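Here is my note on the model you sent round. The points are numbered so that each can be checked against the coordinates.

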Amino acid sequence: MKSSIEDIVNAANNWSIEVTPSGAEKVKNFSKALTQGTTINVTFLPNSDLKDTVDVACRLSDEGMNPVPHIAARSLQSKDQLNDFLARLVNNAGVEEVLVIGGSVDNAVGPFAGEAPRAEMQHPA
């Protein structure tokens, strides 16, 4: 079976990519390489700074992308830190969706050792 250019373009519609904050530094402008509205997952690696994730989400939003930051639950120190992080993502970067994961650390640094912090997550006003 031979694929046409149209088949290949259609197969690439509605896909997403992932970037780390340090990886984002290597890209001058995401909008020159990606279609407006492309979903870009922003990873949160162990020992990362939440500010870096917020900064990348803001940049992606400014460049017309749909940032979806990861929230690594076991890396959060408190419920207050979680709610502050969410507020900054929503209010500064216009984030509408997050991906909540346990994270790569073996031992939780705060209260989220088991389940994802769904009950603690509040939509910032």
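How many residues of S3 are buried? In this predicted model, the count is 6 of 7, and S3 is mostly covered. The points below start from the overall layout and then go through the sheet, the crossovers, the cores and one aromatic residue.

1. Overall layout. The chain has 4 helices and 4 strands. Read along the sequence, they follow the pattern α-β-α-β-α-β-α-β. Of the 125 residues, 33% count as buried. The accessible surface comes to about 7800 Å², and carbon and sulfur atoms hold 47% of that area. Among contacts with a separation of 6 or more, 75% are between residues 24 or more positions apart.

2. The sheet. The 4 strands form an open sheet with parallel pairing, in the order S1-S2-S3-S4. Its edge strands are S1 (16-19) and S4 (99-101), each of which pairs on one side only. On average, neighbouring strands are turned by 25° against each other, direction ignored.

3. S1 against S2. These two strands run parallel and are joined by 4 bridges, with S2 covering residues 39-42. Ile17 has Ile40 as its bridge partner in S2. Val19 stands opposite Val42 of S2.

4. S2 against S3. Here too 4 bridges join the strands, which run parallel. Thr39 stands opposite Asn66 in S3, and Ile40 stands opposite Pro67 in S3. Ile40 can therefore be followed across the sheet in both directions, with Ile17 as a bridge partner and Pro67 opposite it in S3, bearing in mind a general point. In a regular strand the side chains alternate between the two faces of the sheet.

5. S3 against S4. S3 and S4 run parallel, and 3 bridges join them. The bridge partner of Ile71 in S4 is Val100.

6. The crossovers. From S2 the chain crosses through H3 to S3, and this β-α-β crossover is right-handed. A right-handed β-α-β unit is also made by S3, helix H4 (residues 79-93) and S4.

7. The largest nonpolar core. This core has 16 residues, of which Ile71, Leu76, Leu82, Phe85 and Leu89 touch the most other members. H3, S3 and H4 are the elements that give two or more residues to this core. H4 gives the most, with 5 residues. Ile71 thus appears twice in this note, as a bridge partner of Val100 and as one of the core members with the most contacts to other members.

8. Leu89 and the second core. Leaving aside its neighbours within four places in sequence, Leu89 is in contact with Val54, Ala57, Pro69, Gly94, Val95 and Val98. Apart from the largest core lies another, of 9 residues, among them Val19, Ala24, Ile40 and Val42. Val19 and Val42 also stand opposite each other in the sheet.

9. Trp15. Where does Trp15 lie? Trp15 is in the loop between helix H1 (5-11) and S1. Why is Trp15 classed as partly exposed? The class follows because its relative accessible area is 41%, and partly exposed covers the range between under 20% (buried) and over 50% (exposed). Leaving aside neighbours within four places in sequence, Trp15 is in contact with Leu34, Thr38 and Thr39. Trp15 and Ile40 are 25 residues apart in sequence and 9.2 Å apart in space, C-alpha to C-alpha.

Technical notes. Residues are numbered from 1 along each chain as its sequence is written. This is a predicted model: local features need pLDDT of at least 70, side-chain atom pairs count only at pLDDT 80 or more; totals for chains, interfaces and linings use all residues. Side-chain values use heavy atoms; hydrogens and water are left out. Two strands pair if DSSP finds at least two bridges between them. Axes are lines fitted to C-alpha atoms, for helices over the stretch in contact, and angles run from 0 to 180 degrees between N-to-C directions. Buried means under 20% relative accessible area, exposed over 50%, partly exposed in between (1.4 Å probe, protein chains only). A crossover is right-handed if, with the strands pointing away from the viewer, the path from the first strand over the helix to the second runs clockwise. A nonpolar core is a set of buried Ala, Val, Leu, Ile, Met, Phe, Trp, Tyr and Cys residues joined through side-chain atoms within 4.5 Å. Contact means heavy atoms within 4.5 Å. Accessible areas come from the Shrake-Rupley method with a 1.4 Å probe; for residues, only the protein chains shown count as cover.
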